[in-house]
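Got your viewer open? Load the model shown here and keep the selection tool handy.

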Amino acid sequence: MLPSYILSLREGLEAALIIGIVLGALRQMHRRELASAIWAGAGSAALLSLVSAILLTRLGLELKDPAEAIFEGLTMLFAAAILTWMIFWMRERAGNMKSELESGVQRASQSGVWSLFGLAFFAVLREGVELALFLSAATFSSSALQTILGALLGLGTAILLGWSFFATTVRLDLRRFFQVTGMLLLLFAAGLLARGVGELVEVGWIPALVGHVWDLGGVISANSILGQALGALFGYNASPSLTEVLAYAAYTGTMLLGLWAAGRRSHRTQVASSPVKPGSL
């Protein structure tokens with residue numbers, strides 16, 4: 001339930017912030033009559049995203065081995081790839097999201113209602129389809145009930161935070177929020193990658209190298225509550241193949257190195273763009 005909660009909270013908050021920023025820009029422009037186009041676009045995108053989630057989940061559940069294992073493995077690998085892109089994208093764009101959206105609203109409002117509809121539709125659809133893919137992948141490592149419950153709680157929290165951000169004096173540090181959730185999602189993506197590789201190892205698409213590197217079933221059983229929680233969150237496997245271990249370690253190490261390099265690059269950019277104070281030279 002926790003993975004679907006974190007995923008839904010992050011994606012839902014981003015969608016809520018997008019809608020809030022767009023509506024706020026319309027209010028500042030004294031064009032509140034155009035708000036209905038925003039709500040129509042967001043609602044249509046949310047409905048289409050829900051349909052996508054249902055179709056993806058039903059497709060995965062109706063398949064039989066080996067097609068089921070192949071579908072689950074490829075879905076997990078694709079979800080891990082999208083999560084990776086999203087972590088880096090939000091790390092770079094979180095601080096400029098508001099100004100970029102407000103500029104987009106100004107341009108769209110001059111083009112008519114359908115431009116605003118499209119702006120809200122495609123902005124929310126991107127978040128919704130991503131969430132549908134993530135939740136489908138999460139369902140393979142957890143029960144459907146837990147995934148749905150976590151998603152509903154995450155979306156509810158996102159709506160509350162989004163409303164508080166714009167309607168009260170609460171100010172959420174978006175960059176810090178996305179950094180913290182990004183680290184959690186990094187571990188979740190690593191688990192998805194390892195589990196996806198494990199599924200493809202089972203069907204023979206990827207060699208196992210060594211069938212079982214270790215067996216921790218006597219310490220933490222994969223069927224225990226703790227084992228299931230660790231499996232859903234971090235891809236825990238009590239008896240993984242060497243290929244799974246290498247995939248997990250290589251992904252985690254590469255991501256940490258990439259985030260460290262991105263942080264240093266961002267810091268250098270901020271230092272270079274900051275004005276020089278008189279007398280500091």
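This tour goes from some aromatic rings to a patch on the surface.

Before you start clicking, keep in mind that this is a predicted model.

**Stop 1: the helix.** Select residues 113–139, which make up helix α5. Now show the side chains of F117 and F121, both in this helix and 4 residues apart, or about one turn.

**Stop 2: the rings.** There are 2 aromatic pairs in the structure. How are the planes of F117 and F121 arranged? They sit at 10° to each other, with ring centres 5.9 Å apart, so this pair is stacked. Next, add F122 and turn the view until you can compare its ring with that of F121. This pair is edge-to-face, with 85° between the planes and 5.2 Å from centre to centre. Keep F117, F121 and F122 on screen together: ring pairs link them into a cluster.

**Stop 3: cover.** Switch on the surface and look at F121 and F122 again. Which is buried and which is exposed? F121 has 15% relative accessibility, so it counts as buried, the cut-off being under 20%. F122 comes out at 56%, and because exposed means over 50%, it counts as exposed.

**Stop 4: the patch.** Now select L209, V210, V213, W214, L216, V219 and L246. Together they make a nonpolar surface patch of about 630 Å². Zoom in on W214, one of the patch residues. You'll find W214 in the loop between α7 (174–202) and α8 (225–234). Its relative accessible area is 39%, so W214 is partly exposed.

Technical notes:
Residues are numbered from 1 along each chain as its sequence is written. This is a predicted model: local features need pLDDT of at least 70, side-chain atom pairs count only at pLDDT 80 or more; totals for chains, interfaces and linings use all residues. Side-chain values use heavy atoms; hydrogens and water are left out. Rings of Phe, Tyr and Trp (its six-membered ring) pair if their centres lie within 6.5 Å; planes under 30 degrees apart count as stacked, over 60 as edge-to-face and the rest as tilted. Helices (H or I, at least four residues) and strands (E, at least two) are DSSP runs, numbered from the N terminus. Buried means under 20% relative accessible area, exposed over 50%, partly exposed in between (1.4 Å probe, protein chains only). Patches are made of residues with over 30% relative accessible area and no salt bridge: like charges are joined within 9 Å, nonpolar side chains (Val, Leu, Ile, Met, Phe, Trp, Tyr) within 5 Å. Accessible areas come from the Shrake-Rupley method with a 1.4 Å probe; for residues, only the protein chains shown count as cover. A salt bridge is a side-chain nitrogen of Lys or Arg within 4 Å of a carboxyl oxygen of Asp or Glu.
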